[in-house]
Amino acid sequence: MSRKRLGVVVEGAFNAGLTVRLDPGSCTEDLRIGDFVTVEGERNIYFSMIADIALRSTSPGLIADPPAGMSSFIADTLSGINTYATVQVRTMLMMGKYDDRTFIEDVTPPETVRTIPMHFATLCEASERDFHAVFGREDVSHFAVGTPLTMEIPICLDLNRLVERSNGIFGQTGTGKSFLVRLLLCGVIKSGLAVNLIFDMHDEYAFGKQSEDGRWVKGLRHLFGSRVLIYSLEEAAGARAGRSVDVTLKIGLNQFEPEDVLLLAEELNLRATAEPTIGLLQDQYRERWLQRLLEMSPEDLSAFCETRGAHPATMGALQRNLKRIARRPYVVEEARFSQIDDMVAALDQGKHVILHFGRHDTTLDHMLVANVVTRRVRQLYRKKVERYEQTQKPADKPHPLVITIEEAHKFLSPTISRQTIFGTIARELRKYHVTLMVVDQRPGGIDTEILSQLGTRITGKLTDERDIEAALTGVANRTFLRNALNSLNTRQQILITGHAVPMPIVLRTRPYDEVFYKEMGGGELTPEEIEKDFTDLFGSGRG
Ligand SMILES: Nc1ncnc2c1ncn2[C@@H]1O[C@H](COP(=O)(O)OP(=O)(O)OP(=O)(O)O)[C@@H](O)[C@H]1O
Ligand SMILES: [Mg+2]
C-alpha cells in the first residue's frame with residue numbers, strides 16, 4: 001500500500017488508545033497533534049488521529065547524563081536503540097482492509113471502532129484514498145467543503161444526509177458563516193437534491209457583495225441565473241443595475257395572525273393585555289382583525305369596547321402600536337396568498353427562491369415576513385406530503401425544501417420557539433420534507449430542545465462559554481470537540497460534527513472565489529451575461 005509508514009503499535013488499550021513506536025527514520029518534528037493517520041491491522045484499517053507525541057529512552061543513564069556537545073553521529077547511533085519516540089493514537093473509525101487495487105466504492109463503509117489491532121500493526125500517514133474511503137469522493141451527492149488544516153485533501157459532506165435534517169451554522173461575527181452558507185447553498189443547488197428558500201436578511205445571498213478584504217464576490221443569482229428566483233420586499237431593488245428581481249413581494253394585513261404580532265411584543269411595545277384584546281378582535285372579525293382594528297375611528301373603538309368588554313386604553317395603545325406594521329412599505333391592506341403559492345409552485349419545479357429584504361432589514365421586518373411566508377409554505381408542503389402519501393406516485397413526491405434563516409435565535413429562543421413556525425419545523429424533523437439551516441452568532445440564545453434536533457453542525461470560532469456549550473449540545477466526546485473548537489482561527493476554520501460526516505473534523509473552509517464559481521459551472525445565463533450583470537453592478541475596476 002502506498003501510504004508512508006511511520007511506525008508500529010507496541011501497546012494499547014481500547015479506552016486509552018494505541019501507543020506506536022516511531023520507526024528510526026521518522027522525525028517527531030514532521031508529526032503534529034491532530035494529524036490523520038491509519039493503523040493497518042490484520043483485518044481492519046483504523047482511521048485515526050495523533051493525540052500525543054513523546055520522547056523516550058531505554059537507559060536511565062542517558063537521561064541522567066546526556067552526552068555533552070553531542071555530534072549527529074552519536075545521536076544517530078543512539079537513535080532507535082537507546083532513544084526513540086512514541087505517538088499516542090486515537091482510533092476514530094474502522095473499515096475492512098483494502099489496498100491500492102480496491103475500488104473506493106467497494107470499501108466497507110466506515111463504522112464505529114469496536115476493536116483494537118494486535119501488536120506490530122503498522123501506523124501510516126493517511127493517504128488521499130483513506131480520506132475518500134471515509135468521507136467519500138466529490139460527486140453529485142458529495143460536496144467538498146474544505147481541507148484539513150495540515151493537508152490539501154478536499155473533505156466532503158454527504159449532501160443527502162445534510163438536507164435530510166435541520167442543520168446549524170454557528171460562529172462569532174466574521175468567522176465566515178455567510179460565506180460558508182453560500183458554499184453549501186451552491187452545493188445543494190448544483191446537486192439538485194433539494195430546493196432552497198433563503199431569507200436574505202442582510203443583502204448577501206442574492207446579489208454580489210464586497211468581502212471584508214475588499215474583493216467583490218458573486219451572489220447566487222450570478223452563479224445560477226434563472227434557477228434562482230428573487231422575491232424582493234424592496235420596490236426599487238430591481239431598478240438598481242445588475243439586480244434583476246422576479247417578484248416584488250407584498251404582505252397583506254389580512255395575512256398576519258395574532259401570533260405573528262404577539263411574537264413581536266417587545267419590538268412593538270405591546271402590553272400583557274394585548275393578547276386577550278387581540279383575541280376579542282379575532283373572534284369578531286376573523287382574519288380581518290388587524291385591518292379592522294387599524295381602520296377604527298375613536299367612536300368605533302369605544303363602541304367595540306362597550307359591546308365586547310375590551311378596555312379602551314388598551315385598545316387605543318394596541319391600535320397605535322400596530323400602526324407601525326401598516327406603515328411598512330411592503331405591507332398592503334389586503335394581499336392574496338397567490339404570490340406565496342406561486343413561490344411554492346416554483347419550488348415544485350425545482351427552482352430556488354431568495355427572499356431579499358433589501359433596505360427593510362430590521363428585526364420587525366425579518367419576523368413579520370419570515371413568519372407569514374414560512375407558515376404558508378409549510379402549510380402547502382404539508383398538503384403535498386399528505387397527497388403523496390395517498391397516491392404514492394413518484395410525480396407527487398415533493399422536493400425536500402431547506403429554509404435558511406440568519407440570526408436564528410430571534411425565531412428560536414426558548415421563550416418563543418414553541419410559538420414560531422420555525423420551532424415547529426425544527427421539531428417535526430423531516431416529516432413534511434422541510435428542514436432548516438439555522439445560521440447564528442449566538443447559538444446560546446437558541447432553545448436547547450431545538451439544538452438537540454440539529455443533524456449537522458458546522459461551527460466556527462466561539463468564545464462565549466454559553467455559545468460553546470450550545471454548539472455542542474447532545475454530541476458525544478465533548479472535551480475533545482471543545483478543544484478542537486478552542487483551537488480554531490477566527491476566520492475560515494470550522495468544526496463539522498453530526499449527520500453529514502462520519503466523524504467530527506476540523507477544516508479550513510474552501511475559498512469562495514473564481515475557481516469555485518467555475519466549478520459550479522454557472523447557470524442558465526451565459527458567462528457573458530453574468531459578467532455583464534456583474535460589471536453593471538460593481539463597475540469593471542474590481543480587484
Ligand atoms: N470561504 C471563504 N472564502 C473567502 N473568504 C472568506 C471565506 N470565509 C470567510 N471569508 C472572509 O471572512 C469575511 C467574513 O465572513 P462572513 O461575512 O461570512 O462572516 P459571518 O460569520 O457571516 O459574520 P457575521 O456574523 O457578522 O455575519 C468575509 O468577508 C471574507 O473576507
Ligand atoms: Mg454573516
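Me: In this predicted model, what makes the K177 side chain and ligand 1 a polar contact?
Reply: An oxygen atom of ligand 1 is 2.7 Å from an N or O atom in the K177 side chain. The cut-off for such a pair is 3.5 Å, so 2.7 Å counts as a polar contact.

Me: And how do you know that T173 and R510 make polar contacts with ligand 1 too?
Reply: Same kind of check. For T173, a side-chain N or O atom is 2.4 Å from an oxygen atom of the ligand. R510 uses its backbone: an N or O atom there lies 2.9 Å from a nitrogen atom of ligand 1. Both pairs are within 3.5 Å, so both qualify.

Me: How much of ligand 1 does the protein bury?
Reply: Taken alone, the ligand exposes 630 Å², and 90% of that is buried by the protein.

Me: What makes a residue part of the shell around ligand 1, and how many are there?
Reply: A heavy atom within 4 Å is what it takes. That gives 19 residues, with T173, G174, K177, S178 and E212 the closest. Helix α5 (residues 177-191) provides the largest share, three residues. By class, the shell has three nonpolar, 10 polar and six charged residues.

Me: Why do you say that ligand 1 sits in the second largest pocket?
Reply: The test is that more than half of its atoms lie within 2 Å of the pocket's grid points. Ligand 1 is assigned to the second largest pocket, so it passes that test.

Me: What does that pocket look like in numbers?
Reply: It holds about 630 Å³ of space. Its lining has 29 residues, and G174, G176, K177, F179 and E212 lie nearest the centre. α5 gives the most, four residues; β12 (209-210) and β20 (434-440) each supply at least two. The lining splits into five nonpolar, 12 polar and 12 charged residues.

Me: Why is the space beside N269 and N321 called a cavity and not a pocket?
Reply: A pocket is open, whereas in a cavity a 1.4 Å probe fits but cannot get out. N269 and N321 are among the residues lining the largest cavity, so the probe is shut in there. The volume of this cavity is about 50 Å³, and the structure holds three cavities of 30 Å³ or more.

Me: Which helix gives the most to the lining of that largest cavity?
Reply: Helix α11 (residues 312-326), with four residues. The lining as a whole divides into four nonpolar, four polar and one charged.

How values were computed
Residues numbered from 1 in each chain as written. Chains lettered and ligands numbered in written order. Predicted model: local features only at pLDDT ≥ 70, side-chain atom pairs only at ≥ 80, totals over all residues. Heavy atoms only, no water. Polar contact = N/O pair within 3.5 Å; in protein donor to acceptor, adjacent residues only side chain to side chain. Areas by Shrake-Rupley, 256 points an atom, 1.4 Å probe, with all protein chains shown as cover. 1 Å grid on protein atoms, 1.4 Å probe; cavity = no way out; pocket = protein on both sides within 12 Å on 5 of 7 lines; lining within 4 Å. Nonpolar A, V, L, I, M, F, W, Y, C, P; charged D, E, K, R; others polar. Points joined across faces, edges and corners; volume = space filled by probe spheres on them.
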